[in-house]
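Reader: I am in my first year and I get lost when a whole fold is described at once, so please choose a single part of this structure and take me through its packing slowly. Please give me only as much of the overall picture as I need to place that part.

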Amino acid sequence: MLEGGLWLSHHIAAKPGAWDGEPRPLFLAPMAGVSDLPFRLLSKACGADVTITEFTNSTALTREAAVSWRKMESHETEVPFIPQIFGGDPGDMATAAEMLAPTADIIDLNFGCPAPKVTKICAGAALMGEPDNLVSMVDGIIQRVDVPVTAKMRLGTGQGANNALDICKSLEDIGTARLCVHGRTLRQRYSGEADWSSIKAIVDAVETPVVANGDVMDAASAKDCLEVTGAAGLMVGRGAIGRPSVFGEIKVGLGWMELEDLPWVKANAEDWYERSPIGQSFAARRWCWDKYIEFSNQTVGLQPRWMQRHAVAFTKGLPGGKKVRAVMHGAPTPEAFAEGISSFLAGEATE
Ligand SMILES: Cc1cc2nc3c(=O)[nH]c(=O)nc-3n(C[C@H](O)[C@H](O)[C@H](O)COP(=O)(O)O)c2cc1C
């Protein structure tokens with residue numbers, strides 16, 4: 001491991017200036033039930049620069065719960081490896097961070113989750129209602145580990161004035177390496193529109209790099225979000241579910257890479273331009289599905305429950321959804337399931 005600032009600079013670039021059209025890193029959002037290891041590797045292959053695990057309960061990790069450690073699984077090809085933890089107990093948070101530190105490149109802390117099962121233990125976004133406790137929790141973690149610590153939050157709880165800006169300043173003072181802000185409050189959950197101008201105010205107020213999150217769905221919204229916020233990077237969540245190709249599409253749309261260099265275009269080079277938009281969509285999704293299976297085989301093996309969730313998402317909106325359900329429920333083995341979805345996306349599935 002490299003020392004201090006040098007080590008840091010390998011994974012977290014300093015705050016950039018105003019956005020001038022140049023590439024900025026794209027993050028796959030941590031998403032429970034979505035951001036599993038093969039999906040993170042797939043998103044990277046599609047153009048994401050940074051990925052983060054789904055959030056994991058720090059108290060469960062300290063009790064060595066196998067299910068929770070499963071979520072923290074990485075692979076030598078995943079660089080940087082960024083596990084995300086949540087919890088209401090500062091001691092457990094610090095202990096879990098310490099347990100993860102030997103394998104993690106960065107540890108990310110969740111202060112954004114609105115789910116009642118999380119907020120009722122005063123973790124996730126609920127901690128934003130207790131900013132002093134939040135900051136001292138992060139301080140305790142930073143004291144205990146020598147890997148960079150980052151934090152993801154919302155604008156506030158939605159009760160009273162938003163306090164993300166104040167919290168970010170305090171987190172900067174104690175050495176938090178990067179901040180990510182989702183432009184909604186806890187109360188809003190996912191309703192309304194993400195408020196990027198409030199993210200801009202935070203970007204302007206701190207020297208720590210700030211990643212903007214919320215409602216980035218494609219190249220046009222990515223451009224708008226960077227223009228409004230000037231953020232150090234963009235994080236994409238729902239826009240990447242079933243469509244990790246969004247990362248490459250954003251890069252092409254913003255002129256950061258060539259269409260011909262997208263791996264699913266390369267793989268279909270002979271007839272890409274003759275395909276209809278729906279034909280291109282099938283081809284892109286098939287490439288992604290096959291790659292998901294390949295990464296699964298290389299790492300955790302085929303996981304039927306994970307495959308089911310992704311199969312539904314990968315085929316959403318495509319004609320022939322009934323066939324997908326038949327494949328999912330009729331396949332005798334995970335391998336047959338994988339093959340069946342791939343054939344469907346190749347347009348070869350039979351009635
Ligand atoms: C299914 C799902 C699971 C999520 N799980 C997490 C999580 O584990 N940790 C976290 O910090 N945020 C989680 N989020 C929030 C996202 O990371 C992100 O902040 C939010 O979806 C807003 O970004 P978007 O508009 O690009 O989707 C989750 C969101 C969704 C839709």
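Author: Let us start with the whole chain, in which buried residues make up 47% of the 351 residues. Please keep in mind throughout that this is a predicted model. The protein chain contains 16 helices and 9 strands, and its C-alpha atoms fill a box of roughly 60 × 45 × 40 Å along the principal axes. A compact globule with 351 residues would have a radius of gyration near 20 Å, and the protein chain, with 20 Å, agrees with that. Of the contacts with a separation of 6 or more, 66% join residues that are 24 or more positions apart.

The part I have chosen is helix H13, residues 277-298, together with the helices that it meets. Two packed helices are described by the angle between their axes and the distance between the axes. I shall therefore give both quantities each time.

Take helix H2, residues 37-45, as the first partner: its axis and that of H13 come within 8 Å and cross at roughly 130°. An angle that is over 115 but not over 145 degrees falls among the oblique ones, and H2 and H13 are therefore oblique to each other. The crossing of H2 past H13 is right-handed. On the side of H2 the contact is made by Pro 38, Phe 39, Leu 41, Leu 42 and Ala 45, and these meet Cys 288, Lys 291, Tyr 292, Phe 295 and Ser 296 of H13. Sorted by class, this contact has 8 nonpolar residues, 1 polar and 1 charged. If you look at the numbers, you will find Leu 41 and Ala 45 in H2, and Cys 288 and Tyr 292 in H13, among the residues involved. An α-helix has 3.6 residues a turn, so residues three or four places apart point the same way.

The second partner is helix H16, residues 334-345, whose axis comes within 8 Å of the axis of H13 and crosses it at roughly 165°. Angles over 145 degrees count as roughly antiparallel, and so H13 is roughly antiparallel to H16. This crossing is left-handed. H13 contributes Phe 282, Arg 285, Arg 286, Trp 289, Asp 290 and Ile 293, while H16 contributes Ala 338, Ile 341, Ser 342 and Leu 345. The residues of this contact divide into 6 nonpolar, 1 polar and 3 charged.

From H2 we can take one further step, to helix H11 (residues 246-253), which is mostly covered, since 6 of its 8 residues are buried. Those buried residues are Val 246, Phe 247, Gly 248, Glu 249, Ile 250 and Lys 251, so that Glu and Lys appear in the list beside nonpolar residues such as Val and Phe. They pack against H2, and also against strand S1 (26-28), helix H10 (219-229) and strand S9 (233-236). Just after H11 comes Gly 255, with a positive phi of about 75°.

H10, which we have just met beside H11, also packs with helix H9 at an angle of about 45°, the axes being 8 Å apart. That angle makes H9 oblique to H10. Here Trp 196, Ser 197, Ile 199, Lys 200 and Val 203 of H9 meet Cys 225, Val 228 and Thr 229 of H10, and by class there are 5 nonpolar, 2 polar and 1 charged residues in the contact.

A last detail lies before H9, in the loop that joins strand S7 (178-182) to helix H9 (196-205), where Arg 189 is found. Most residues other than glycine have a negative phi. Arg 189, however, has a positive phi, near 50°. With 13 C-beta neighbours inside 10 Å, Arg 189 counts as partly exposed.

To trace the path again on the model, begin at H13, follow its contacts to H2 and to H16, then pass from H2 to the buried residues of H11 and on to H10, and end where H10 packs with H9.

Conventions: Residues are numbered from 1 along each chain as its sequence is written. This is a predicted model: local features need pLDDT of at least 70, side-chain atom pairs count only at pLDDT 80 or more; totals for chains, interfaces and linings use all residues. Helices (H or I, at least four residues) and strands (E, at least two) are DSSP runs, numbered from the N terminus. The radius of gyration is taken over C-alpha atoms; the globule rule is 2.2 Å times the number of residues to the power 0.38. A residue is buried if 20 or more other C-beta atoms lie within 10 Å of its own, exposed if 12 or fewer, and partly exposed in between; C-beta atoms are placed from the backbone. Two residues are in contact if their C-beta atoms, placed from the backbone, lie within 7 Å. Axes are lines fitted to C-alpha atoms, for helices over the stretch in contact, and angles run from 0 to 180 degrees between N-to-C directions. Angles under 35 degrees count as roughly parallel, over 145 as roughly antiparallel, 65 to 115 as roughly perpendicular and the rest as oblique. A crossing is left-handed if the near helix is turned anticlockwise from the far one by less than a right angle, and right-handed if clockwise.
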